[in-house]
Amino acid sequence: MTPPNSYSLQRTMIIYILLIGFAALLVASEFVLDTHSTALKLELTRNFQQYASGELAEDQVYEPLVKIRNKAMMMVGVILAVVVIVLTMFIKTITEPLQHMVEVSKAISAGDLSQTTGVESKNELSQLSAAIDDMSTNLQEIIMLSRSVCDSANRVTTNTMGLMKDEQLDHGKSDAMEQQLARLESELTMLGQVIDFFKLYSVENQPWPG
């Protein structure tokens, strides 16, 4: 759910499309009005009459249409300018932050939990950014807890094996306990290696200037 005082990506896309549509509608309306105006018809009629009487050259007869053509080309340029502006806004507000979050997600999946998105906007991108950062934070908490458990378990196994050497235990029981402790130590070592694979967040990380 989009929080208050925020706007959705859907609304943003609608605004962009409406801007382009509005510009195109203005150009089309202006072109239709020019080509169907009474003044154009009268001017062309007058020019043809003057051409028939020899008062105008052939290229001067269609001068009103040339003016409309030049005006239409200028209007097309305006539409293109609007499209470029809208695309720039789209890339700046949507595409770039989304691409940044994709790169951060790939880094997190590769084990680099130091990455943060830090996208600050008033739409769903900000919510997605916060969810990715929360996921990274939760993973770090789990890994830190696992590391603490590994350290504690390693100390316990080391102390237990030392006590077993000092105490006189039955040979069979001693061998069984040593095997279990060695297996536990091996598993803890493997878990520690998995934990060390991840790179955790540090305060030096800079947020994404979204």
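Leaving aside residues up to four places away in sequence, which residues does D34 touch? The legends below start with the whole chain and then come back to that residue.

**Figure 1. The whole chain, a predicted model, has six helices and zero strands.** Reading from the N terminus, the elements simply go α-α-α-α-α-α. The chain has 210 residues, and 23% of them count as buried. Its accessible surface adds up to about 14700 Å², with 63% of that belonging to carbon and sulfur atoms. Look at contacts with a separation of 6 or more, and 71% of them come from residues 24 or more positions apart.

**Figure 2. Close-up of D34, a residue of helix α1.** The helix itself covers residues 9-35. Here's the reply to the opening question: D34 touches L40, I68 and K71, once residues up to four places away in sequence are set aside. D34 has 18% relative accessibility, so it counts as buried, the cut-off being under 20%.

**Figure 3. Helix α1 packed with helix α4.** The two axes sit 10 Å apart, at an angle of about 175°. That angle is over 145 degrees, so α1 and α4 are roughly antiparallel to each other. As for who's in the contact, the residues split into 19 nonpolar, three polar and three charged.

**Figure 4. Helix α2 packed with helix α4.** Helix α2 takes in residues 38-52, while helix α4 takes in residues 63-109. Their axes are 9 Å apart and make an angle of about 140°, which means α2 is oblique to α4. On the α2 side, the contact is made by L40, E43, L44 and N47; α4 brings P64, L65 and I68. Sort the residues of this contact by type and you get five nonpolar, one polar and one charged. Two names here may ring a bell: L40 and I68 are also among the residues that D34 touches.

**Figure 5. Close-up of S136, a residue of helix α5.** This helix spans residues 124-166. With a relative accessibility of 2%, S136 counts as buried. Its side chain reaches the backbone oxygen of L113 at 3.1 Å. L113 also turns up in the list of residues that S136 touches, along with I108 and Q115, again not counting residues up to four places away in sequence.

How values were computed:
Residues are numbered from 1 along each chain as its sequence is written. This is a predicted model: local features need pLDDT of at least 70, side-chain atom pairs count only at pLDDT 80 or more; totals for chains, interfaces and linings use all residues. Side-chain values use heavy atoms; hydrogens and water are left out. Helices (H or I, at least four residues) and strands (E, at least two) are DSSP runs, numbered from the N terminus. Buried means under 20% relative accessible area, exposed over 50%, partly exposed in between (1.4 Å probe, protein chains only). Contact means heavy atoms within 4.5 Å. Axes are lines fitted to C-alpha atoms, for helices over the stretch in contact, and angles run from 0 to 180 degrees between N-to-C directions. Angles under 35 degrees count as roughly parallel, over 145 as roughly antiparallel, 65 to 115 as roughly perpendicular and the rest as oblique. Ala, Val, Leu, Ile, Met, Phe, Trp, Tyr, Cys and Pro count as nonpolar, Asp, Glu, Lys and Arg as charged, and the others, Gly among them, as polar. A polar contact is a pair of N or O atoms within 3.5 Å; within protein, one must be able to donate a hydrogen and the other to accept it, and residues adjacent in sequence count only if both atoms are side-chain atoms. Accessible areas come from the Shrake-Rupley method with a 1.4 Å probe; for residues, only the protein chains shown count as cover.
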